Amino acid sequence: EIWRIEDFKPVALPKSDYGKFYSGDSYIVLQTTSPKGGAYLYDVHFWIGKDSSQDEAGTAAIKTVELDSVLGGRAVQYRELQGYESDKFLSYFKPCIIPMEGGFASGFKTPEEETFETRLYICKGKRAIRIKQVPFARSSLNHDDVFILDTENKIYQFNGANSNIQERAKSLEVIQHLKEKYHGGVCDVAIVDDGKLQAESDSGEFWVLFGGFAPIGKKTVSDDDVVLETTAPKLYSINDGELKFEDIPLTKAVLENTRCFLLDCGAEMFVWVGRVTQLEDRKAATKAVEVSLQKVSPSLFMFLIVISDL
């Protein structure tokens, strides 16, 4: 089940929009599983678009805590930042999620209202596909990745010379998804291989859309290519919405069931919530961590997991 934050309230999305996320919005995603002979298991993710406001992101975090309370405090909560989603989150959407520019606050139009816009996507990933819209320009292309150019009458897949076979195969799955979702299942598909210029008409058509063929540059290093390393864990207690560093040995005994703690491992952050803490304490803890992340870096690419002590 998916909700989008609109005017500080969660609004349920129709299933036809599942997998479509706007970069200017924040969302809540609930995954419920029912193991044989056991109680329901809940995973709640709040997804924050790269252009979403701090207020929207904070609302998504707080509403996630409230949803957890409704579920009896038995949900595990995950903070998902656009472009750096966990594999678990991405596994819900086949073959991928499609982040789109715009959002509710900017008054985006529905697919029925908008005219078709040619879009260029970069497609990465082996196990889980990450697809991101990039500017429709020759400068967006490189030799190392796979790109999808979605035009009104034809979809092109550009295989960078150094891209791998897994990325190329996964891109075909994404193209089939785009074809069915936005073209009614009727659209030509063309494969353009990097370095083969004149051999096929599809290649010529592809480069004409970019103003004619010209050499493309090398891939530039971006935040997408930087991986945070795991560091020595640091424990913080969270009291009245404030974080306090605890310079003590990390043992299970310090995790009192009446308190909330933040464990910072560098590449990952975990919030531990005592089972007898009040809802307002949980909200304050979540808000404090969200504000802390915003101060460190609004685009910090780590996801946060909230674990309740049950």
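# Exercises on a predicted model: salt bridges, burial and surface

E173 has a relative accessible area of 39% and is partly exposed. The structure is a predicted model, and the exercises below begin from this residue.

**Exercise 1.** Determine which residue meets E173 in a salt bridge, and where the two residues lie.

*Solution.*
1. The side chain of E173 forms a salt bridge with that of K170, at 3.9 Å from N to O.
2. The cut-off for a salt bridge is 4 Å, so the pair at 3.9 Å qualifies.
3. Both E173 and K170 belong to helix α3, three residues apart, which is about one turn of the helix.
4. K170 is partly exposed as well, with a relative accessible area of 22%.

**Exercise 2.** Identify the salt-bridge partner of D202 and state which parts of the chain the pair ties together.

*Solution.*
1. The partner is K154; the closest N and O atoms are 3.0 Å apart.
2. D202 lies in helix α4 (residues 201–208), whereas K154 lies in strand β11 (residues 154–159), so the bridge ties together parts that are 48 residues apart in sequence.
3. K154 counts as buried because its relative accessibility is 13%, and buried means under 20%.

**Exercise 3.** Place these pairs among the salt bridges of the whole structure.

*Solution.*
1. A search of the whole structure gives 16 salt bridges.
2. One of them joins the side chains of E256 and R259, at 3.4 Å from N to O.
3. E256 is partly exposed at 38% relative accessible area, and R259 is partly exposed at 22%.
4. A network of salt bridges links K63, E66, E280 and K283.

**Exercise 4.** Classify A61 as buried or exposed, and list its contacts beyond its neighbours within four places in sequence.

*Solution.*
1. A61 is found in helix α1 (residues 54–70).
2. With a relative accessible area of 1%, A61 is buried.
3. Beyond neighbours within four places in sequence, A61 is in contact with F46, T286 and E290.
4. The C-alpha atoms of A61 and Q77 are 9.1 Å apart, with these positions 16 residues apart along the chain.

**Exercise 5.** Describe the nonpolar surface patch that includes L172, then the chain as a whole.

*Solution.*
1. L172, V189 and I191 make a nonpolar surface patch of about 230 Å².
2. L172 is found in helix α3 (residues 165–182) and counts as partly exposed at 44% relative accessibility.
3. The chain exposes about 16,000 Å², of which carbon and sulfur atoms supply 53%.
4. Of its 310 residues, 46% count as buried.
5. The chain has five helices and 17 strands.

How values were computed:
Residues are numbered from 1 along each chain as its sequence is written. This is a predicted model: local features need pLDDT of at least 70, side-chain atom pairs count only at pLDDT 80 or more; totals for chains, interfaces and linings use all residues. Side-chain values use heavy atoms; hydrogens and water are left out. Patches are made of residues with over 30% relative accessible area and no salt bridge: like charges are joined within 9 Å, nonpolar side chains (Val, Leu, Ile, Met, Phe, Trp, Tyr) within 5 Å. Accessible areas come from the Shrake-Rupley method with a 1.4 Å probe; for residues, only the protein chains shown count as cover. Helices (H or I, at least four residues) and strands (E, at least two) are DSSP runs, numbered from the N terminus. Buried means under 20% relative accessible area, exposed over 50%, partly exposed in between (1.4 Å probe, protein chains only). Contact means heavy atoms within 4.5 Å.
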